[in-house]
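Trainee: I should be grateful for a close look at a single part of this structure. Please take one helix and explain how it sits within its chain and beyond.

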Amino acid sequence: MGTLMIGFKENKAFRLFTILMFLLIAIALTAPFIAPYDPLEAVMRNANMPPSAAHLFGTDKLGRDCFSRILYGAAYSLGSVIILIAMIFVVGTTLGVLAGYFGGWADAVIMRLSDMMISFPGMILAIAIAGILGGSLLNAMIALLCVTWAKYARLARGLALKIKECDFVLAAVVSGGNHLHILLTHIVPNILPVMVITAATDVGAIMMELAGLSFLGFGSQPPAPEWGVMLNEGRQQMQTAPWLMVFPGLAIFITVVVINLWSDSLRDVMDPRKANKE
Amino acid sequence: MGRKNLVRRLGQMILALLGISFISFCLVMLAPGDVARQMIAGNQEIMVSQAEVDALKAELGLDQPFFFQYISWLGRAVQGNFGNSFMMKRPVLDVVLASLPATVVLAASSSAFMLIFALPLGIYAAVKQNTWFDYLVRGFSFIGMSVPNFWMGLMLLWIFGLQLGWFPILGGEVSLENMALPTVTLGIAMASKYIRQVRVAILEELNQDYVTGARSLGMSETYILWREVLPNALLPLVTLFGLSLGSLLGGAAVVETVFSWPGLGYTAVQAITYRDFQLIQAIVLWIASMYMIINLLVDISYAYFDPRLRKVGR
């Protein structure tokens, strides 16, 4: 946390992008108050209206206000991505640290399992898992968790193996510290920065994958105001109402840009050595 | 890679393929409810007679113990018999083979597109580090990496297909006009990623001692770049490219769907939507095997290109 505060004070880019991130989160949280219309209420006489002062981003075939739906969508997309990345982080790191620290059969089982998952191209397996489980936001999240945890487990295992050999850990073992204590006070805190940077760098890509699953019909389902779902609905009206396709995509794009800028600057702040390289 | 090493890799691969086949087979178990009933109904809400369900179960061997089902499926799969596609009413193998050419063509064209842009731009940006050109290229690659590819596909379709009328928007069959937009969509997404990698790889090599040495010997910058730096920098990128190619050959599901490009990815999405379980199993198995075999080939070629590894191998 200390590094982050210093970074916030000294690194102009990090400060700017952190503020933008908070702005996005604020939009997501306050959507019910700032959205001019109900995102789900159909008003048939307003169907398919192009963008205007009353409806900034136009309306869809049920007369729902696209701008309001996008604002509500922010809560959906950001909320689910944050929960998902937290799940991946916890599952991957825990399994990886256990494998690296204890070795033996735990290591063998966990690593063979992750080898297996890594030998599938991620998206197609995610599509298969989410689709077969049945399209829903939760199932899409489970699918992405299944295909992504292995990367984190491998990274955490490698880091844990390295730190396990450090003198301070050996000292803790010799002085009779129990495993749980050593794991929590010595191993985990030392691998956390690298894991956090990795997770932050992945947020944007995972957000696009989650939206992609919804777009294909294997994630959130209509009438949810989720951006991928909206794109799928808008796609069918490309000829008559192109705004339904332009704005939700723009929302994903801008959000991912902000997240990626923020995670790049976060990496610079947390790992100054790498910052000079690029 | 020595012969011993190769044999070991092959052994590992066969084990991994077994694991993959097991996972592909088990995917079906994830389905909530009755598999046979869903296959008959597709994704529709229709009543299915119990007699029909039982008949299908017996036909597919779904009434047998789980492990027995897997072994007999694997036995048939090795002989190329994956059963019948319920959706298409023909053998699964035929369906897979029919969608293969489209995917291969698209993988080749988008890789070519990527190489044409990523290599020169990445190399030049590295040579001209921190100039306006470098910043421009980096900006482009950053934006390219932040655009969801399905949205880019839709926008291209809207602008160049619908507004300008340059390309057909219906898709559905393999032709040059239909191929252009999906190629550009996939190509831009890949190029944005690779420009970065190429640039960083070249920069890393340019900072090595041997480059300084070559400069002090009075070798020209062009000579150093083409004869010394490039071969060293691009070698590691071969692995990365192998991974991309493997996943492209598995079908770019989302982009193929946007353009109704009749490749493996599109077929996979259809199969999942219509609960065509035998087809799903076969496609997932095929894609993972493809991915793995390409990785193995990359590893082997790596040893061939890198003289250091060649010596150790022997």
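Mentor: The model is predicted, and it is helpful to begin with the chain as a whole. In chain A, 69% of the contacts with a separation of 6 or more are between residues 24 or more positions apart. The chain holds eleven helices and zero strands, and its C-alpha trace spans about 75 × 45 × 30 Å along the principal axes. Of the 278 residues in chain A, 45% are buried.

The part chosen here is helix α3 of chain A, which runs over residues 66-102. Its 37 residues reach 53 Å from the first C-alpha to the last, close to the 54 Å expected at 1.5 Å a residue. Helix α3(A) nevertheless has a kink of about 25 degrees, and this kink is centred on Tyr72(A). After the helix comes Gly103(A), which has a positive phi, near 60 degrees.

Consider next the surroundings of this helix. Of the 37 residues in α3(A), 26 are buried, so the helix is mostly covered, a residue being counted as buried when 20 or more other C-beta atoms lie within 10 Å of its own. The largest nonpolar core of the model has 148 residues, and those that touch the most other members are Ile124(A), Ala126(A), Ile127(A), Ala128(A), Ile283(B) and Val284(B). The largest share of this core, 17 residues, is supplied by α3(A). As a general background, nonpolar side chains tend to be buried together in soluble globular proteins.

One of the core residues just named, Ala128(A), leads from chain A to chain B. Neighbours within four places in sequence aside, Ala128(A) is in contact with Leu27(B), Ile272(B), Ile280(B) and Val284(B).

This brings us to the meeting of the two chains, where 35 residues of chain A are in contact with 36 residues of chain B. On the side of chain A that touches chain B, at least two residues each come from α4 (104-118), α5 (122-133), α8 (179-216), α9 (227-235) and α10 (243-270). The largest share, nine residues, belongs to α5(A). By type, the residues on this side of chain A are 23 nonpolar, nine polar and three charged.

To return to the chosen part: α3(A) is a kinked helix, mostly covered, that gives the largest share of the largest nonpolar core.

Terms used:
Residues are numbered from 1 along each chain as its sequence is written. Chains are lettered from A and ligands numbered from 1 in the order in which they are written. This is a predicted model: local features need pLDDT of at least 70, side-chain atom pairs count only at pLDDT 80 or more; totals for chains, interfaces and linings use all residues. Helices (H or I, at least four residues) and strands (E, at least two) are DSSP runs, numbered from the N terminus. The expected span of a helix is 1.5 Å times one less than its number of residues. The bend at a residue is the angle between axes fitted to the seven residues ending there and the seven starting there. A residue is buried if 20 or more other C-beta atoms lie within 10 Å of its own, exposed if 12 or fewer, and partly exposed in between; C-beta atoms are placed from the backbone. Two residues are in contact if their C-beta atoms, placed from the backbone, lie within 7 Å. Ala, Val, Leu, Ile, Met, Phe, Trp, Tyr, Cys and Pro count as nonpolar, Asp, Glu, Lys and Arg as charged, and the others, Gly among them, as polar. A nonpolar core is a set of buried Ala, Val, Leu, Ile, Met, Phe, Trp, Tyr and Cys residues joined through C-beta atoms within 7 Å.
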